[in-house]
Structure formats: C-alpha cells, structure tokens
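User: Could you walk me through how the strands in this structure were assigned and paired? I'd like the reasoning behind the labels.

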Amino acid sequence: MAIDRIWSYAPDSGHVEGQDLTGFTVAATDGTIGHVDREAAPHGMRHLVVDTGVWVFGRSVLVPAGVVTAVDPQARKIMLACSRSDAKAAPRFQTDSETRDREYLTAVGDYYHRLPPRETASA
C-alpha cells in the first residue's frame, strides 16, 4: 500500500463517508483486537483509536484508515490487513494528544506501511 494511501479508506472497503464507526468490533487477520473508541483525521491523517480492553491490558492502539480492508455495517465489524501481533507491536499510543501529533502519526503510518501484505479476514 502506498504511504500516501495509509491515511485514507480504500474505495472498496465499504466505508461510507460520514458513517459513525464508534463501537464497531475491530478484527485483525487472526482475531478480534477490540472496539472503535473514536475516529480522527488531524493533518489529513485519518485513523481509528481502538480500545483493546483486557487483550493489551487496557491499552488503546491507533490504526490508520488505510489498514481497514472492510467495513460491515450490519455486523458492526471492521476488518484489518494486519495481525493481532502487528497491531500490538505498533508505536505505543499513550495520550490523546498523540492523535494530533504529526510526528507520532507519521511513525505509525510508516510502521503499518512497512508490514507485509496479508490475507484479509472474512466478515
């Protein structure tokens, strides 16, 4: 995936502009990682903040919109093009201010951009 596309939903992802994804279940290629806490798009860097619950000890992870492979509004589920361990190993998300920090967001985008392509999870 091109680095400039990491911050945009793919046209074939099923994402509908203006759709509220808060509360949707987020699934990696090998299982659920959590639920969407919120969306943001500072500096044109659109992403999801995913609450991982007890899976990563109450930690949240930031996922660029370009990692989303499918949005299923009926099932309220989002599928990602990465594994659970990939999401867990991403640059650590610690404070809300990081969702507006261009340097942090660039590091997250670079990390996901370098991941090898994976098979997508089924809905």
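Analyst: Happy to! In this predicted model, E5 and E6 form a hairpin with four residues between them. Arg 76 sits in the turn and has a positive phi of about 55 degrees.

User: What makes E5 and E6 a pair?

Analyst: Pairing requires at least two bridges found by DSSP. E5 and E6 have four bridges in the antiparallel sense, so they count as paired. One place to look is Val 68, which stands opposite Leu 80 in E6.

User: In which sense do strand E1 and strand E6 pair, and over how many bridges?

Analyst: Strand E1 (residues 25-28) and strand E6 (residues 77-80) pair in the parallel sense over three bridges. With at least two needed, they therefore qualify as well. Here Thr 25 stands opposite Lys 77 in E6.

User: Why are E4 and E5 called edge strands?

Analyst: The sheet is open, with six strands in the order E4-E3-E2-E1-E6-E5 and mixed pairing. Strand E4 (60-64) and strand E5 (68-72) each pair on one side only, and that is what the edge label reflects. Neighbouring strands of this sheet are turned by 35 degrees against each other on average, direction ignored.

User: How do you know that E3 and E4 pair?

Analyst: Strand E3 (residues 47-51) and E4 share five bridges in the antiparallel sense; the cut-off is at least two, so this is a pair. For example, Asp 51 has Ser 60 in E4 as its bridge partner.

User: Which helix lies across E3 and E4?

Analyst: That is helix H2 (residues 102-114), which runs at about 70 degrees to E4.

Methods
Residues numbered from 1 in each chain as written. Predicted model: local features only at pLDDT ≥ 70, side-chain atom pairs only at ≥ 80, totals over all residues. Heavy atoms only, no water. Helix = DSSP H or I, 4+ residues; strand = E, 2+ residues; numbered from the N terminus. Axes fitted to C-alpha atoms, helices over the stretch in contact; angles between N-to-C directions. Contact = heavy atoms within 4.5 Å.
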